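Student: I'm new to this protein and would love a guided look at it. Could we go through it together?

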Amino acid sequence: MLDTQLEMTDKIGYLLLKKGIIDTKILEQALKIKDADQLKQKRNLAQILVDEFGYEHDIIFREVAVLYAFKELNIHPEELSEERINEIKNLMNRQGKDVSKMLIEHKVIPFKFDDRIRDKLILAATDPTDRSLAKIAYTLNAKKYEINYLRKKDYDKLISVLVSSENEYLKMIEEAGEEMHVVEEEAGINEEELDAEINKSALINLIEASLVEGVRKGVSDIHVIPKSGNKTEIHFRLDGKLQLWHIQENTMPEAIMAVVKDRSKGLDRFERERAQDGFIQREIDGHIIRFRVSVLPTVGTELKNKFESVVIRILDDRKVIKDLGKLGLTGYANKAFVKAISQPQGMIILTGPTGSGKSTTLVAALYQVINPTKNVLTVEDPVEYVIEGARQLKIGYKMNFEQAIRSILRHDPDIVLVGEMRDKETAETAIKLANTGHLTFSTLHTNDAPSAVARLYKMGVEPFLIAYAINIIVAQRLIRKVCENCKKKVVNLEEHIANAGLNLQDWTGHEIYDAAGCDKCNHTGYKGRMAIHEALYFTREIRRIIVRSGEEVDEEAIREQARKDGTVSLRDSGFEKVKAGLTSIQEVIGATMED
Ligand SMILES: [Zn+2]
């Protein structure tokens, strides 16, 4: 495209290209999306680059602000006085909850009324080109308004001061203070007395507070664990590890369990001997968050107790990754994966233990192939995330997983996600789908990719079916990143490598880091997680080895061929991250230990 033509049709694109922030290839792709977007969302190029291409918000929007002459609001959120904070809070909340929700959704802060011009509101927006700003100003009753650009990193700081200090439930718990002694000294459970206790709203606040805090801290699960001596512990699972969040003392654990059950759908409060699954939905910080509640009876130390353990899984759709580029697939694994999902049919299998992020990767892959001309069906039990553009079958009392699997073939699908291949029947159905013109996604619980082939074989699936139905098997693990704030450089490389039992030769010349510990990472030395992968792409040679399987699948031969094809093992994929300074050798070894 000619420069002048581009300057006329897309000023933002022209500017970003001139500045070298994007290249022509990205520009062309983004312009295509913009064209396709015209009917629906009408996003501009800056919004598309951030949403779809993962460009850093502030790098793009700072240029946009300059281009359209929006003033940049330079503030240090941590230096604002309490009075100012309260003024802003007041501006945010005075039109009611729906309006404050809308502000959070659009990342806009009504910063203040202009000092010189009365009735003129300064709107601090992270995206000054957001089409809703006029409407927002109108809803805030501002007769005049001026849009200022606020850097997203400053917005994030400011909003955390404005919003997170208001876990209203935590506040209520603090206020309740001493009154929170909910104890029943006598033996046995008296339903009436329990009822009275439940009405003590403190416990309700405690459970609601744990939901809000859990979501805000980004934890994956909330564990409510009964202890003897009228104690209950609440733990959060953060970055894969459990951390104690709260100990509730002087309260019968049964009372807390009863509150959880009362506040969940599908749980029977009076049932204490059976496994139960329930569901909670809440609106937190302007987003609908779903919670899956699992209740299991456990053995207590005191005979009078009927203990149950509760685990609440947080299903926050904001965590869904729609962009493959953000999964951390690199090199051969990335190329092979993209190739595998670009084919019109065949299976894509993710393997790894529970909690290795398999469904996150599958959902991201699914988002790459979903389009309105395709019938996308998913059979998952339970459904983890709502996937736009897919029909997700509802597994429940009336239709179980196996029945759903049998029915999808007759429901004219193009693309199918089978949550898990549990047995021969589900595996055969998934493979049949893949062999009859459907792109099929699924998971298996195995350590690595070659052993997934052996698992299918042992389930009783014919080798030629396995060989020709599968496009790729990807093994995945999540490993912790070293905390950027406190990671320490390994000084005695030789000794460090020898202690880990590795070959020094592979490591000389690399700067590597080890975990330390500081306030920012809870003294664990790690903060956040990332995925590592091993991709087994089904080349002709791999297929040949599988078809030739006799009594058993020759995993070693598959492994050897895969290495020749360019596959990097899980451990080596982790070591690449060590060499990039992102994690430690110990973490990689621990995460890739064979069970
Ligand atoms: Zn740290």
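Here is a short conversation about this predicted model.

Student: Which residue ranges make up domain 4?

Tutor: Let's begin with the domain assignment. It gives domain 1 (3-69), domain 2 (72-164) and domain 3 (167-318). Domain 4 is written with two ranges, 324-480 + 529-572.

Student: How far apart do the C-alpha centres of domain 2 and domain 4 lie?

Tutor: For this one, we take the C-alpha centre of each of the two domains. Between domain 2 and domain 4, that distance is 46 Å.

Student: Which strands are the edge strands of the open sheet with the order S7-S6-S5-S10-S9-S8?

Tutor: Good one to trace by eye! This sheet has six strands with antiparallel pairing, and an edge strand pairs on one side only. The twist averages 25° from one strand to the next. The edge strands are S7 (241-248) and S8 (276-284).

Student: In S9, which residue is the bridge partner of Gln281?

Tutor: Strand S9 (residues 287-298) pairs with S8 in the antiparallel sense, over nine bridges. Looking in S9 for the partner of Gln281, we find Arg290.

Student: At about what angle to S10 does H13 run?

Tutor: Helix H13 covers residues 253-262. H13 lies across S5 (221-227), S6 (231-238), S7, S9 and S10 (307-315). Relative to S10, H13 runs at about 35°.

Student: Is Ala255 buried or exposed?

Tutor: Ala255 is found in helix H13. A residue needs 20 or more other C-beta atoms within 10 Å to count as buried. Because Ala255 has 23 C-beta neighbours inside 10 Å, Ala255 counts as buried.

Key: Residues numbered from 1 in each chain as written. Predicted model: local features only at pLDDT ≥ 70, side-chain atom pairs only at ≥ 80, totals over all residues. Helix = DSSP H or I, 4+ residues; strand = E, 2+ residues; numbered from the N terminus. Buried ≥ 20, exposed ≤ 12 C-beta atoms within 10 Å, placed from the backbone. Domains from an automatic or database assignment. Pairing = 2+ DSSP bridges. Axes fitted to C-alpha atoms, helices over the stretch in contact; angles between N-to-C directions. Contact = placed C-beta atoms within 7 Å.
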